[in-house]
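Visitor: Could you give me a close look at one part of this model, and then walk me outwards from there? Please explain the terms as you go.

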Amino acid sequence: MPEPVSVNSLASTLQQHLADALTAALPDAGAADPLLRRSDRADFQANGILALAKKLKGNPRELAATVTAALPANDLIKDIEVSGPGFLNITLTDRAITETLAARAADARLGVPYAAQAGTTVIDYAQPNVAKEMHVGHLRSAVIGDAMAKIMEFGGETVIRRHHIGDWGTQYGMLIQYLMEHPHELDHEGAKEDGEAAMSSLDRLYKASRAVFDSDEGFKARSRDRVVALQAGDPETLAHWQRFVDESKIYFYSVFNKLDMDIEDADIVGESGYNDMLEETCRLLEESGVAVRSEGALCVFFDDVKGPDGNQVPLIVKKTNGGYGYAATDLSAIRNRVQELKADALLYVVDVRQSLHFKMVFETARRAGWLEIGDGGGDGSGEAKPVQLAFGTVLGKDGKPFKTRAGVSVRLVDLLDEAIERATAVVREKNNEKVGLTEAEIVENGAQIGIGAVKYADLSTSAARDYKFDLDQMVSLTGDTSVYIQYAYARIQSILRLSGGAKPVAHPELELAPAERSLGLHLDQFAEVLAEVAAAYEPHKLAAYLYQLASHYTTFYAECPVLKAGTPEQVENRLFLCELTARTLRQGLALLGIRTPERL
């Protein structure tokens, strides 16, 4: 990876200046945090002196004045005043703002550094089930996981994607037996890679086999025998099972392609990928005493996990009948990811309703020693860090889980198609002679805006919260939507195209208008926001930053003429701010998996 240009943010530089002044003025205080934050009274406010005054039993306003006097003259601070009980209100120089932004603009990565403690993260997301349609419930894991993978990679982390698809279980005995007795049921017209045709065949076969299974005892018995043959590795049975997997992948890829997500075949390691490890996983757990036999099943117990009757609720690793529980597969996956893939962090983008299961799985892996990675580790503990990035439910406008009128889950592909249709209508309505989009461009932009709207609505909500799926609001040009941000980007591109011979050039000698200062200070926060998002797995904070950036730009656009600014230097400087804003919006949205049309 190319080395990024090292650019200290204005906040971090100011933080260091204040910390040095605190140490010089108050040597008895030891290391002290100025507690710096953005302020509506100045550019920044430092509140740390109040805590110091309490510690030193001094007057906070007098201590604040002492610290202010200890600050050496520099090009960073324009004004500093003591406010209230001892706050420091700090205003930066226009030159410092522009020079810092110019340094960011000179770097292809906008001055975003690679993480100092970058390691290897395995991220488990986008986990549909073979032979079943993807519905709205599959949306969040895919969108959140894809964004987090992109954000972490941009920060220098080695990211290994894993799609833990549901491709194993007793239901395949029924499906395979039916297919063997009706060998042409998976045949379908159209191109081999037609995802809708593949899913239609799978859905038809599933419904037909279920009907026979429920009504024909002979078929039911043959299906159960076929499960045994599948688990025993019978070649003919496995070949038919593989057909289901391959047909399902055609469908999966068609949906993920519509979602504008790249899914690599090598990253799809479903439940079946760990079959060879299951028995060993159970044996190791029992031999170590981590798991014990209870009523014939192999279980792990926890003091803090109890049922309504007060009895401990176990994690069942192996059932009484000898079958393996989901826990056996999940624990085997952890062994593989830590021991073979050398992960020092494991991120599971999974529904919040599975939180108890993963809590027990993680603790079992810890007890068994399967998180141990030797020296250090992602957090210095010597263990890989398992984390569930738990997400809430997609709700309808009525605040209830999103269903069709018939009470079934909404097909994901139908939802995406409707979003694209709505967005395309918006693009077509806004198109005029000045914009001049061709029909092909309208269709392309409609797809980018529609899919972006769906993703942004998901990502702009804290993952653990439920959110309402409202397409009317999602494709709105106003409010906290991706469309608002995309239009801000397109507006900037229009200005740059109309700039003629004027070029974006930073002019640190110029005085900045209030809207320019606000825009510049927000632009400078991009790297810090990305670091915070990556560390806490909170992509909604990047979405919030980008919406705020677009809002700052809208104010700047209204208050600060760009191409009709007073002097050529001011035109260049404002074009510079426009261009850096566009680059930041484009990069930020790309990390969320959202495209930015050049013209709208």
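Guide: Happy to! Two strands count as paired if DSSP finds at least two bridges between them; strands themselves (E, at least two residues) and helices (H or I, at least four) are DSSP runs, numbered from the N terminus. The model is a predicted one, in which local features need pLDDT of at least 70 and side-chain atom pairs count only at pLDDT 80 or more, while totals for chains, interfaces and linings use all residues. Residues are numbered from 1 along each chain as its sequence is written, and side-chain values use heavy atoms, leaving out hydrogens and water.

Let's start with a hairpin. β3 and β4 form it with three residues between them, and glycine 84 in the turn has a positive phi of about 55°. Strand β3 (residues 77-83) runs antiparallel to strand β4 (residues 87-92), and six bridges join the two. Look for isoleucine 80, whose bridge partner in β4 is isoleucine 90. In addition, β4 pairs with strand β2 (residues 44-46) in the antiparallel sense over three bridges; there, alanine 46 stands opposite leucine 88 of β4.

Put together, these strands belong to an open sheet of four, with the order β1-β2-β4-β3 and antiparallel pairing. β1 (36-38) and β3 are its edge strands, each pairing on one side only. Neighbouring strands in this sheet are turned by 25° against each other on average, direction ignored. For such angles, axes are lines fitted to C-alpha atoms (for helices, over the stretch in contact), and angles between N-to-C directions run from 0 to 180 degrees.

Further along the chain comes helix α4 (residues 94-105), which includes aspartate 94. With a relative accessible area of 13%, aspartate 94 is buried (buried means under 20%, exposed over 50%, partly exposed in between, using a 1.4 Å probe and protein chains only). Leaving aside neighbours within four places in sequence, aspartate 94 is in contact (heavy atoms within 4.5 Å) with Leu510, Glu511, Leu512 and Arg517.

The loop between α4 and β5 holds leucine 110, which is buried too, at 4% relative accessibility. Backbone angles are worth a glance here: most residues other than glycine have a negative phi. Leucine 110, though not a glycine, has a positive phi near 60°. Aspartate 260 is another non-glycine residue with a positive phi, of about 60°; this aspartate 260 sits in the loop between α9 (235-258) and α10 (278-288) and is partly exposed, at 29% relative accessible area.

Past that first loop lies a second sheet to explore. Its four strands form an open sheet in the order β6-β5-β10-β11, with parallel pairing. The edges are β6 (158-162) and β11 (385-391), each pairing on one side only, and the twist averages 20° from one strand to the next. Within this sheet, four bridges join strand β5 (residues 120-124) to strand β10 (residues 345-351), and tyrosine 348 in β10 is the bridge partner of aspartate 124. Helix α5 (residues 139-154) packs on the sheet and touches β5, β6, β10 and β11, with its direction at about 160° to that of β6. Helix α12 (residues 355-368) packs there as well, touching β10 and β11, and its direction makes about 175° with that of β11.
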